[in-house]
Amino acid sequence: MSTGDYSDEVPVYAPPPEGHVSHSRLERVLRAGRFAVTAELNPPDSADPSDVFEAAQPLGEVADAINATDASGANCHMSSIGISALLTRAGYSTVYQISCRDRNRIAIQGDVLGAAAMGVSNVLCLTGDGVGVGDQPGAKPVFDFDSLTLLRTIRTMRDQGMFLSGRKITRPPQMFLGAAENPCIPPHDWRPERLAKKVEAGAEFIQTNYIYDIPLFEKFMARVRDMGLDKKVYILAGVGPLASAKAARWMRSNVPGIHVPDALIERMEKAEKPGAEGKKICIELIQQIREIKGVAGVHVMAYRREHQVSEIILESGVLEGRQPRRRSERR
């Protein structure tokens, strides 16, 4: 881990490379046509920065960017902008997630400028879960934006150099814009259409929810290719290890859009070590997803199991041929 010395890093306000919108390592990897890897850091319930660095360390050498989640599930944790600032200062490349649930357009536009000033180069625009699913259901939801209007807003700030009010921004944020997609939510035929709207709004990369049903995802990607969207946006498929057959059934029953096929659940039930089998399945999924035309990378998620994420990425083989990164290349 770095100590925050900026001497060998790209200056925050230098112009991005030609054809790029940011200095993001993730953008460079994707535009170079390499298979990208992102991973999710689960935010601590703590004000101690060492908790963030401890979680990030196993991800730092295998992920092209680390996602800082924004009160996912409508539960309060350390803020995404705080985590992004800490990791960027330490030389990591981050994806700053913004949920529209908790802040209005004034706060969000200010946060985007603040994040950019701290060197954050990637942002994931999310509508956000409703407050009713979290542990503080009495909170007042905002939803001044949804993911589409948030994308358009940040693109306006970046490309036109102005706030929504029309007031000029003296130094626009240089950010690579992302959004989320869930190919497994019915009606399945509509999901590529929804993706097209996000691309039109400004999305340059997409991270999907968990993919366990490869045939269903292949149908989604076939339609994406038919629409030419694979030429307009980089798609990173979401994957993660199953902990047990019971957990897999719970996800299928309680998390909208996540379909775990019966065959995978049966494998987990028969396994002597379900955790190891879940890890093996995740590695197999990554290897299968990599062969699907139009997929640009994977986004690996495992709650409070960052070390296992690192092992999964390395054992999947998707980083073979990639050179180890110096700290100055992580951003």
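The exercises below work through aromatic, charge-over-ring and salt-bridge contacts in a predicted model.

Residues are numbered from 1 along each chain as its sequence is written, and side-chain values use heavy atoms, with hydrogens and water left out. Because the model is predicted, local features need pLDDT of at least 70 and side-chain atom pairs count only at pLDDT 80 or more, whereas totals for chains, interfaces and linings use all residues.

**Exercise 1.** Classify the ring pair formed by Phe217 and Phe220, and place both residues in the fold.

*Solution.* Rings of Phe, Tyr and Trp (its six-membered ring) pair if their centres lie within 6.5 Å, and planes under 30 degrees apart count as stacked, over 60 as edge-to-face and the rest as tilted. By this rule there are three aromatic pairs. One of them joins Phe217 and Phe220, whose centres are 6.1 Å apart with 20 degrees between the planes, and this pair is stacked. Next, both residues belong to helix H7 (residues 214-226), where they stand three residues apart, about one turn of the helix; helices (H or I, at least four residues) and strands (E, at least two) are DSSP runs numbered from the N terminus. Finally, Phe217 and Phe220 are both buried, where buried means under 20% relative accessible area, exposed over 50% and partly exposed in between (1.4 Å probe, protein chains only).

**Exercise 2.** Determine which charged end sits over the ring of Phe35.

*Solution.* The criterion asks that NZ of Lys or CZ of Arg be within 6 Å of the ring centre and within 35 degrees of the ring normal. The charged end of Arg290 sits over the Phe35 ring, 5.4 Å from its centre.

**Exercise 3.** Describe the salt bridges of Glu27, Asp144 and Glu181, giving the partner of each.

*Solution.* A salt bridge is a side-chain nitrogen of Lys or Arg within 4 Å of a carboxyl oxygen of Asp or Glu, and the structure holds 18 of them.

- Glu27 meets Arg31 at 2.7 Å, N to O; the two are four residues apart in helix H1 (residues 25-31), about one helical turn. Glu27 is buried at 0% relative accessible area, while Arg31 is partly exposed at 33%.
- Asp144 meets Arg105 at 2.9 Å, N to O. This pair links distant parts of the chain, 39 residues apart, with Asp144 in the loop between strand E4 (122-126) and helix H5 (147-160) and Arg105 in helix H4 (residues 105-117).
- Glu181 meets Arg191 at 2.6 Å, N to O. Glu181 lies in strand E5 (residues 176-181) and Arg191 in helix H6 (residues 191-201), so the bridge ties together parts 10 residues apart in sequence. Both residues are buried.
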